[in-house]
Amino acid sequence: MKYAIGIDTGGTYTDAVLLDMEKTSADSVRKKAKAITTHHQLEIGVGNSIKGLDLTDAEKAGIEKVVLSTTLATNAIVEKNISNVGVILIGTRPAGEIAAAQIKNVKGQINIKGRIVCDIHEEEALGVIKDLIHDVDAIAVSGAASIRNPVLEKKVKALVQELCQLPVVCGHEIVSELGYLERTNTAALNAGLLSIIARFIEAINHVLEANDIKAPVFVVKGDGSISRLEAIRETPIDTVLSGPASSMIGSINLTGIEDAVIADMGGTTTDTGIVRQKRVELSPDGATVGGWKIRVKSAKLRTFGLGGDSHIRNENGEFRIGPRRVLPACRGGECLTPTDILHYTGEFRQWDSEKAEKTVMAFAAEQGLSPAAYVEEVKKALREKIRTNILEHVDQSLPICAIGAPAETWYKIVNQTLGFDLVIPAHYEVANAVGAAAAGIQEMVETIIRVGEDGHGYLVHTKEGRFSFHNRIEAIQKAIEETQRIAANGIIRQNLVLSEVELEGQEVYNYKNQLVYQPLLIENNQLKHYEEKNAAHTYIEARIRAYASGNIFES
């Protein structure tokens, strides 16, 4: 038998599942377990969830991978619990706040076409680095237009590495799109997460060793794909919004659904995203975490404060739920939550129902209502919150797939009145962990081709460097080869087996002030049947994307 373990460290629970990799849909879930999430040390909850699976020796021997969906990076940024980072800016400073206290500038400039306008002055750069390295734990290097040519960022990084052993991150290594401020902050936050993820990796490896699990370990990224745990050591920022992405993959796996709105109701919030043709819909603008806008590949999400542990109160005669999370009365708290309401009605019972009942009765008396009327007001407020935060913002033709521990009961209650197309899969309460176990290994790389300076020739801008050509077809072919190579290396460097690389391309023209998009036909890594538009079409750019997928073993 071939198994995978999926683990999701949620706000309240850490879920674990044992997935049969030779089966599909809900039949693939062999075992599942829950443990309380230990926010101060996530690995404790992870270890407890694995123990809850009660794995046999035969099951342990069949485990081919362990996959984690973790809130570690997201929480560290939100809680400002990251290392002290120094940022070295090349040239001008981006407009806006930078996510670091220590910021230095060195002279240097790359223009938008990727040409060096002003090179680095080595002595100046060395002086700036020496001033910085004794006060920080990591360094981020960022320069305007560096994604058009990363040569200056690479030079500064090399100088840092000559002088010290501090980890150093360049903006072009993390982000491949324009947006100087967002790229700088993404690099800075990634640098600040390095020591945190390093400790987490060590702890997780220890937990698995203690449980006699020898399989390779992966982490879910914000786009729903997975990378080896050791690869995430370099780019922990990629795991931001790991949990919501896992929930979407889990929903696809459990239901086989192709198009749906996924509503993941946890303890604190509900995350909603969209799946189209069994693929997670990604945000074109990255994500905003802890007030910082960062450029990472992540699911396109809408998040609002509604969960099983959301605070219920009456404000000026109106019932409100969330966004604050509290300890439910049924679990020893003094506040009222949706979970307590379900304990009172008997629709869900896991903890102290008597305490929940007493709390509901006390709060109802304060409002001069009977307990039944009070409960109905709460349900009405919850229905309204789901209606205004989900139903008013999604394509009504899509079904809503509800997952997460509180989802089945509450969404069925809400649907009695609102009457939308509702799907609740088997194992809905551990769908995130299922998604982690089922997620695939993939690296996506994009390369851009643009007209050269003064309108002459063509420039190929890759993650690793810039190339110049007189001929457009030659430029596109070079872009295809480099994009394929870089994507494939993203799999190979993780000590994985490259299974395939899918390539797609598109050109953009301006025709009578309207953009015209033309797909590029690529077969066997070669451009096929290329036809240029007529002179009335002004060439804007071409983009080549490569999707490299991998496996742990040779198939």
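Trainee: Helices here are DSSP runs of H or I, at least four residues long, numbered from the N terminus. On that basis, where does I44 lie?

Mentor: I44 lies in helix α1. Keep in mind that this is a predicted model.

Trainee: What does its relative accessibility make I44: buried, partly exposed or exposed?

Mentor: I44 counts as partly exposed, because its relative accessibility is 33%. The band for that label sits between under 20% for buried and over 50% for exposed.

Trainee: How far apart are the C-alpha atoms of I44 and T272?

Mentor: They are separated by 28 Å. Along the chain, I44 and T272 are 228 residues apart.

Trainee: Back to α1. At what angle do the axes of α1 and α7 cross?

Mentor: Roughly 25°. Helix α1 covers residues 42-53, helix α7 covers residues 180-210, and their axes come within 10 Å. That angle makes α1 roughly parallel to α7, a label for angles under 35 degrees.

Trainee: Left-handed or right-handed crossing for α1 and α7?

Mentor: Right-handed, as α1 passes α7.

Trainee: Which residues make the contact?

Mentor: From α1, they are L42, E43, V46, G47 and I50. From α7, they are R199, F200, A203, I204, V207 and L208.

Trainee: How do the residues of that α1 and α7 contact divide into nonpolar, polar and charged?

Mentor: Eight are nonpolar, one is polar and two are charged.

Trainee: New topic: backbone oddities. What is the sign of phi at D54?

Mentor: Positive, near 50°, and D54 is not a glycine. Most residues other than glycine have a negative phi.

Trainee: Where is D54 found, and is it buried or exposed?

Mentor: D54 is found in the loop between α1 and α2, the latter being 57-61. D54 counts as exposed, because its relative accessibility is 56%.

Trainee: And what about phi at L241?

Mentor: L241 has a positive phi too, about 65°, and again the residue is not a glycine. It is found in the loop between α8 (229-232) and α9 (242-255).

Trainee: Is L241 buried or exposed?

Mentor: Buried, with a relative accessible area of 19%. The cut-off for buried is under 20%.

Trainee: Which residues does the cis peptide bond join?

Mentor: G322 and P323, with omega about 0°. P323 has its place in strand β20, residues 318-325. Most peptide bonds are trans.

Trainee: On to the interior. In the largest nonpolar core, which residues touch the most other members?

Mentor: I5, I63, I213 and I237 do, out of 57 residues in that core. Helix α7 gives the most to this core, with 14 residues.

Trainee: What is I63 in contact with, leaving aside its neighbours within four places in sequence?

Mentor: I63 is in contact with Y3, I5, L18, L55, I213 and A215.

Trainee: How many residues are in the second, separate core?

Mentor: There are 55 residues, and among them are L19, V29, I226 and C401.

Trainee: What about S28: where is its place?

Mentor: S28 sits in the loop between β2 (13-20) and β3 (29-36). S28 counts as buried, because its relative accessibility is 1%. Leaving aside neighbours within four places in sequence, S28 is in contact with L18, L19, D20, K23 and N253.

Trainee: More helix packing, please. At what angle do α11 and α12 pack?

Mentor: About 90°, with their axes 9 Å apart. Helix α11 is residues 353-366 and helix α12 is residues 371-389. The two are therefore roughly perpendicular to each other.

Trainee: Which residues meet there?

Mentor: V360, M361, F363 and A364 in α11 meet P371, Y374 and V375 in α12. By class, the residues of this contact are seven nonpolar, no polar and no charged.

Trainee: And at what angle do α10 and α12 pack?

Mentor: About 135°, with the axes 11 Å apart; helix α10 is residues 338-345. So α10 and α12 are oblique to each other. The crossing of α10 past α12 is left-handed.

Trainee: Which residues make that contact?

Mentor: P338, I341, Y344 and T345 come from α10. P371, A372, V375, V378, K379 and L382 come from α12. The contact of α10 with α12 has eight nonpolar, one polar and one charged residues.

Methods:
Residues numbered from 1 in each chain as written. Predicted model: local features only at pLDDT ≥ 70, side-chain atom pairs only at ≥ 80, totals over all residues. Heavy atoms only, no water. Axes fitted to C-alpha atoms, helices over the stretch in contact; angles between N-to-C directions. Parallel < 35°, antiparallel > 145°, perpendicular 65-115°, else oblique. Left-handed = near helix turned anticlockwise from the far one by under 90°. Contact = heavy atoms within 4.5 Å. Nonpolar A, V, L, I, M, F, W, Y, C, P; charged D, E, K, R; others polar. Buried < 20%, exposed > 50% of the residue type's maximum accessible area, 1.4 Å probe, protein only. Core = buried A, V, L, I, M, F, W, Y, C linked by side-chain atoms within 4.5 Å.
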